[in-house]
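This briefing concerns the nonpolar interior, the nonpolar surface and the annotated spans of one structure.

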Amino acid sequence: MTTHPSIEQHPDLAEMRSRFERATSTPRGQAIETLGLLTGLYLAASPWIVGFSGLTALAICNLITGVAYALCMGGFGSAYERTHSMAWAACAIGAWTIVAPWVVAGDVDTTRSVVNNIIVGALALLLGLAMAGSAMAGRRAGRTRVRGGPGPMA
């Protein structure tokens, strides 16, 4: 009977883990994660900070999406190899935040709520794209090294 080594010991997997660890330990990766976490926490609290907590539907929507965004962006440092795909979910949350004042039930599109959600949503979207971009750059760099040269992928 033939025994196969565990996938955990595969050299490509070990290299991928070290590459992801390097990506999250850079100042850029840490800054994106920190700003993303703060953006999510602000989004969750923004109805009470900006003063539209009386718009219950939008306040609850911002609370839920803010917590979800903070969890998405906050998980990158501790488990980057498993969570880097969640950057696209963070982008979707940012886009939702922008359109939420017009989509959520009720008359919630006041000046305060619209301006707040557009600014926070745009920031959330940009941070999600930055995290997704760093994940994709890390993948491209790893593929280039594995193939043996800095040239374009064939």
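Buried means under 20% relative accessible area, exposed over 50%, and partly exposed in between (1.4 Å probe, protein chains only). The model is predicted: local features need pLDDT of at least 70 and side-chain atom pairs pLDDT 80 or more, while totals for chains, interfaces and linings use all residues. Residues are numbered from 1 along each chain as its sequence is written, and side-chain values use heavy atoms, without hydrogens and water.

**Nonpolar surface**
- Val67 is found in helix 3; helices here are DSSP runs (H or I, at least four residues) numbered from the N terminus, and strands are runs of E of at least two.
- Val67 counts as partly exposed because its relative accessible area is 42%.
- Val67 joins Trp48, Ile60, Leu63, Ile64 and Leu71 in a nonpolar surface patch of about 620 Å².
- Such a patch links nonpolar side chains (Val, Leu, Ile, Met, Phe, Trp, Tyr) within 5 Å, from residues with over 30% relative accessible area and no salt bridge, that is, no Lys or Arg side-chain nitrogen within 4 Å of an Asp or Glu carboxyl oxygen.
- Areas follow the Shrake-Rupley method with a 1.4 Å probe, and for residues only the protein chains shown count as cover.
- Helix 3 gives the most to the nonpolar patch, with 5 residues.

**Annotated spans**
- The unreviewed UniProt entry annotates residues 48-74, 86-105 and 117-137 as "transmembrane region"; positions use the numbering applied here, feature names are shortened, and annotations may be inferred rather than shown by experiment.
- Residues 48-74 are 85% helix and 0% strand, with end C-alpha atoms 22 Å apart.

Notes:
Patch = residues over 30% accessible without salt bridge, like charges linked within 9 Å, V, L, I, M, F, W, Y side chains within 5 Å.
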